[in-house]
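Student: Got a few minutes to go through this one with me? I'd like to start with the nucleic acid side and then wander a bit.
Tutor: Sure, pull it up and ask away.

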Amino acid sequence: MNYWLMKSEPYVYSFDDLVRDGKTMWDGVRNYQARNNMRAMKKGDLVLYYHSNKGLEIVGVARVVREAYPDPTAEKGDWSAVDIEPVVKLNKPVPLKLIKQTPELSRMQLVRNSRLSVSPVTPEEFARILELGETTLPA
DNA sequence: GCCAACGTTGGC
DNA sequence: GCCAACGTTGGC
């Protein structure tokens, strides 16, 4: 099982939108590093959902339900999409500010390369985020 | 709204 | 193949 972090601008597609829809296709990624991360995702992998631009916090956990397939929105080039579903909304969102202040989290890709929209997360980082979010995964 | 960081493009 | 110019992302 691997862990990831994906960013979305909440006014474009928020975690609540994902909860409402029950599932979504994660498309439109046009960055090779992010694409390669998406291709490494396995069904069942868990994803931290981060709101960029507005909010600047991790708000929920999602799960990969379909592994990488050709991005139907790509008119040219070799791009991928995955499908995700919501797992749980954090009881307390975890702001970027707090992540930066937390020594174990300050080396997250989110902090080190703020422009990367899909990044890997270590199991330790994932656990710590849930802890800070005062949230446990549903059984 | 600004600007730093990063990626891409294109001239040479 | 280098690198300057440009575009985009995203935090501040």
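Student: How do the residues of the surface near DNA strand B divide into nonpolar, polar and charged?
Tutor: That surface has 1 nonpolar, 3 polar and 1 charged residue. Keep in mind that this is a predicted model.

Student: OK, and which residues surround DNA strand B?
Tutor: N31, Y32, Q33, N113 and R115. Looking at the atoms of DNA strand B within 4 Å of the protein, sugar and phosphate account for 46%.

Student: What about DNA strand C, which residues are around that?
Tutor: Around DNA strand C you find K7, E9, Y50, S52, N53, L56, L96, K100, S114 and R115. By class, that surface has 3 nonpolar, 3 polar and 4 charged residues.

Student: And for DNA strand C, what percentage of the atoms within 4 Å of the protein belong to sugar or phosphate?
Tutor: There it's 81%, with the rest belonging to bases.

Student: Which atom of DNA strand C does the Y50 side chain lie 2.9 Å from?
Tutor: A phosphate oxygen, and the atom on the Y50 side is a polar side-chain atom. K100 also has a polar side-chain atom by a phosphate oxygen of DNA strand C, at 2.4 Å. With R115 the partner is a base oxygen of DNA strand C, 3.1 Å from a polar side-chain atom.

Student: Let's stay on K100. Where is its place in the fold?
Tutor: K100 is in helix 3, which covers residues 96-101. Setting aside neighbours within four places in sequence, K100 is in contact with S106 and V111.

Student: How far apart are K100 and L18 in space?
Tutor: 26 Å, C-alpha to C-alpha, with their positions 82 residues apart in sequence.

Student: Back to L56 from the DNA strand C list. What's its phi like?
Tutor: L56 has a positive phi, about 55°, although it is not a glycine. You'll find L56 in the loop between strand 3 and strand 4, the latter being residues 57-70.

Student: Why does L56 count as partly exposed?
Tutor: Its relative accessibility is 38%, so it falls between the 20% limit for buried and the 50% limit for exposed.

Student: Which other non-glycine has a positive phi of about 50°?
Tutor: That's E134. E134 lies in the segment after helix 5, the helix spanning 123-132.

Student: Switching to H51. Where is that found, and is it buried or exposed?
Tutor: H51 is in strand 3, residues 46-51. H51 counts as buried because its relative accessibility is 10%, and the cut-off is under 20%.

Student: What does H51 touch?
Tutor: Not counting residues up to four places away in sequence, H51 touches S8, P10, S14, F15, L56, E57 and V59. A polar atom of the H51 side chain also lies 3.1 Å from the backbone nitrogen of F15.

Student: S14 is in that list. Where does S14 sit?
Tutor: S14 is in the loop between strand 1 and helix 1, with helix 1 at 15-21. Its relative accessibility is 11%, so S14 counts as buried. Beyond residues up to four places away in sequence, S14 touches Y49 and H51.

Student: Let's do pockets. What volume does the largest pocket have?
Tutor: About 340 Å³. It is lined by 15 residues, of which K7, S8, E9, W26 and S117 are the closest to its centre.

Student: Which elements give two or more residues to that lining?
Tutor: Strand 1 (3-8) and strand 2 (24-26). The largest share comes from strand 2, with 3 residues.

Student: And how do the lining residues divide by class?
Tutor: The lining of the largest pocket has 5 nonpolar, 6 polar and 4 charged residues.

Student: Last one, G28. Where is its place, and how far is it from S117 in space?
Tutor: G28 is in the loop between strand 2 and helix 2 (32-39). G28 and S117 are 11 Å apart, C-alpha to C-alpha, and 89 residues apart in sequence.

Student: What does G28 touch?
Tutor: D71 and T73, leaving out residues up to four places away in sequence. At 41% relative accessibility, G28 counts as partly exposed.

Conventions:
Residues are numbered from 1 along each chain as its sequence is written. Chains are lettered from A and ligands numbered from 1 in the order in which they are written. This is a predicted model: local features need pLDDT of at least 70, side-chain atom pairs count only at pLDDT 80 or more; totals for chains, interfaces and linings use all residues. Side-chain values use heavy atoms; hydrogens and water are left out. On a 1 Å grid over the protein atoms alone, a cavity is a set of points where a 1.4 Å probe fits but cannot get out, and a pocket is an open set with protein on both sides within 12 Å along at least five of seven lines; lining residues have an atom within 4 Å of a point. Grid points are joined across faces, edges and corners, and a volume is the space filled by probe spheres set on the points. Helices (H or I, at least four residues) and strands (E, at least two) are DSSP runs, numbered from the N terminus. Ala, Val, Leu, Ile, Met, Phe, Trp, Tyr, Cys and Pro count as nonpolar, Asp, Glu, Lys and Arg as charged, and the others, Gly among them, as polar. A residue is near a molecule or strand if one of its heavy atoms lies within 4 Å of it. A polar contact is a pair of N or O atoms within 3.5 Å; within protein, one must be able to donate a hydrogen and the other to accept it, and residues adjacent in sequence count only if both atoms are side-chain atoms. Buried means under 20% relative accessible area, exposed over 50%, partly exposed in between (1.4 Å probe, protein chains only). Contact means heavy atoms within 4.5 Å.
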